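Me: Please go through the two ligand sites, the nonpolar cores and the backbone outliers of the model below.

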Amino acid sequence: MKNILITGGAGFIGSHVVRLFVNNYPDYNIINLDSLTYAGNLENLKDIKDKSNYTFVKADICDYEEMERLFMGFDIDGVIHLAAESHVDRSIKDPFSFAKTNVMGTLSLLQAAKNKWRDNYNDKMFYHVSTDEVYGSLGDEGFFTEETSYDPHSPYSASKASSDHFVRAFHDTYGLPMVISNCSNNYGSYQFPEKLIPLFINNICHNKPLPVYGKGENIRDWLFVNDHARAIDVIFHKGKLGDTYNIGGFNEWKNIDLIKVIIKTVDSLLGRKKGESEKLITYVTDRAGHDFRYAIDSTKLKNELGWEPSLQFEEGIEKTVKWYLENQPWIDNVTSGDYQKYYKEMYS
Ligand code: NAD
Ligand code: DAU
């Protein structure tokens with residue numbers, strides 16, 4: 001039996017990773033560690049919560065002593081680290097909490113792993129899940145490769161870049177076995193409706209304005225979340241120690257074009273007239289420091305580990321919209337309480 005610690009497993013991507021590992025690896029004990037911030041929700045995992053190879057632990061990765069106890073208590077062999085503050089707009093309002101969780105929290109996990117494993121690094125792995133935003137912003141041409149220099153612009157991406165550097169420093173200084181992946185924008189079920197796609201689906205359903213930052217011309221490279229989880233599985237098992245892998249879908253969309261696809265899909269599934277909800281598009285003040293374009297070159301991951309996205313975007317976005325329409329109670333639950341305050345502060 002291997003004991004695998006997945007941090008942030010109650011969040012969007014983490015819940016998909018936990019589900020994949022619990023279902024596909026019955027010989028692993030999966031320990032999901034999450035402090036259940038506003039973004040963490042155990043409802044995301046209700047289908048696997050009673051499986052015998054699954055344990056949930058509520059804890060804060062910044063609590064170093066608690067991390068040491070957990071690594072010893074569960075005899076941890078591998079870590080897949082996703083816990084983070086993840087929303088760029090929140091990082092602009094409150095950079096401290098991003099530095100705390102993303103930098104200090106990662107450092108506390110690294111130190112706990114090093115102390116637990118120091119006598120024997122064999123078969124151990126610290127996998128840090130990072131973002132393409134560490135590479136900064138592209139112009140009209142080119143892609144981020146694993147060799148692109150770091151150039152973060154938001155407090156969020158600066159905190160993720162810093163955590164990546166700490167992970168590499170633990171490899172170079174102490175020999176800690178590690179791997180990092182940097183992924184592009186994810187979409188799919190269970191994403192908190194502060195991010196573009198679920199926010200806009202929900203607003204279209206309720207005939208609320210769709211706040212498009214700037215002119216809507218920024219470009220993102222979208223990947224279906226289950227494909228990200230599959231990539232994490234492959235890299236965790238076959239990735240070369242000390243290496244970095246970029247994960248992306250070769251699927252770039254200008255925000256305004258993507259928004260029109262979302263509108264078309266929601267309107268059609270709700271039986272509204274074609275394009276009816278386009279009237280909800282509302283151009284608002286641009287995000288401060290808004291990166292223009294992200295585009296990932298994931299050739300290394302394809303050539304070395306054989307991973308490719310499995311889903312065409314049209315299919316993925318339809319599945320995603322349907323999921324949100326069919327899971328209104330989930331949306332209602334996560335948008336009650338504090339979300340209302342956040343929404344007012346952010347958009348009014
Ligand atoms: P999310 O915000 O949906 O989930 C984050 C999870 O971490 C939540 O369950 C939250 O409760 C937990 N968490 C936060 N602070 C914690 C702490 N101090 N201790 C323990 N748990 C804590 O985020 P996500 O979108 O699922 O992203 C997961 C990871 O993937 C992050 O590291 C993010 O940087 C990275 N990433 C995200 C994307 C994307 O498009 N969403 C793309 C590339 C990389
Ligand atoms: O690239 C990977 C990153 O993708 C992850 O590391 C982050 O955790 C994740 O949040 C995401 O960051 P973005 O800032 O790209 O995602 P977001 O959904 O917030 O915004 C996508 C684009 O849509 C971006 O150009 C900003 C724009 N936008 C967003 C919101 C929330 C709007 O125009 N209006 C909005 O209300």
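The questions below take the ligands, then the cores, then one helix and the backbone.

Me: What kind of model is this, and what is left out of the side-chain values?
Reply: This is a predicted model, in which local features need pLDDT of at least 70, side-chain atom pairs count only at pLDDT 80 or more, and totals for chains, interfaces and linings use all residues. Residues are numbered from 1 along each chain as its sequence is written, chains are lettered from A and ligands numbered from 1 in the order in which they are written, and side-chain values use heavy atoms, leaving out hydrogens and water.

Me: Which side chain has an N or O atom 2.6 Å from an oxygen atom of ligand 1?
Reply: Polar contacts here are pairs of N or O atoms within 3.5 Å; within protein, one must be able to donate a hydrogen and the other to accept it, and residues adjacent in sequence count only if both atoms are side-chain atoms. Polar backbone atoms of Gly-11 and Leu-82 each lie 3.0 Å from an oxygen atom of ligand 1. The side-chain contact, at 2.6 Å, is with Asp-34.

Me: How much of the accessible area of ligand 1 does the protein cover?
Reply: Accessible areas come from the Shrake-Rupley method with a 1.4 Å probe, and for residues only the protein chains shown count as cover. On its own, ligand 1 has 840 Å² of accessible area, and the covered part is 96%.

Me: Which element gives the largest share of the shell around ligand 1?
Reply: The shell holds 29 residues, each with a heavy atom within 4 Å of the ligand. Elements are DSSP runs numbered from the N terminus: helices (H or I, at least four residues) and strands (E, at least two). Two or more residues come from each of α1 (12-24), β5 (125-131), α5 (155-174) and β7 (185-187). The largest share, three residues, comes from β5.

Me: Which residue has a polar side-chain atom 2.7 Å from an oxygen atom of ligand 2 and is also among those that come nearest?
Reply: Of the 26 residues around ligand 2, the nearest include Thr-131, Asp-132 and Arg-287. An N or O atom in the side chain of Arg-220 lies 2.8 Å from an oxygen atom of ligand 2, and one in His-290 lies 2.7 Å from an oxygen atom. The residue that appears both as a 2.7 Å contact and among the nearest is Tyr-347.

Me: How many residues are in the largest nonpolar core?
Reply: A nonpolar core is a set of buried Ala, Val, Leu, Ile, Met, Phe, Trp, Tyr and Cys residues joined through side-chain atoms within 4.5 Å. Ile-6, Phe-21, Ile-80, Tyr-127 and Ile-247 have the most contacts inside the largest one. Another core, apart from it, has 32 residues, among them Ile-197 and Ile-204. The number in the largest core is 35.

Me: Why is α6 described as largely enclosed by the rest of the structure?
Reply: Buried means under 20% relative accessible area, exposed over 50%, and partly exposed in between (1.4 Å probe, protein chains only). The buried residues of α6 include Pro-198, Phe-200 and Asn-203. α6 is largely enclosed because, of its 10 residues, the number buried is eight.

Me: Which residue between α2 and β4 has a positive phi?
Reply: The loop lies between α2 (64-73) and β4 (78-81). The residue is partly exposed, because its relative accessibility is 39%. Its phi is near 50°, and it is not a glycine but Asp-75.
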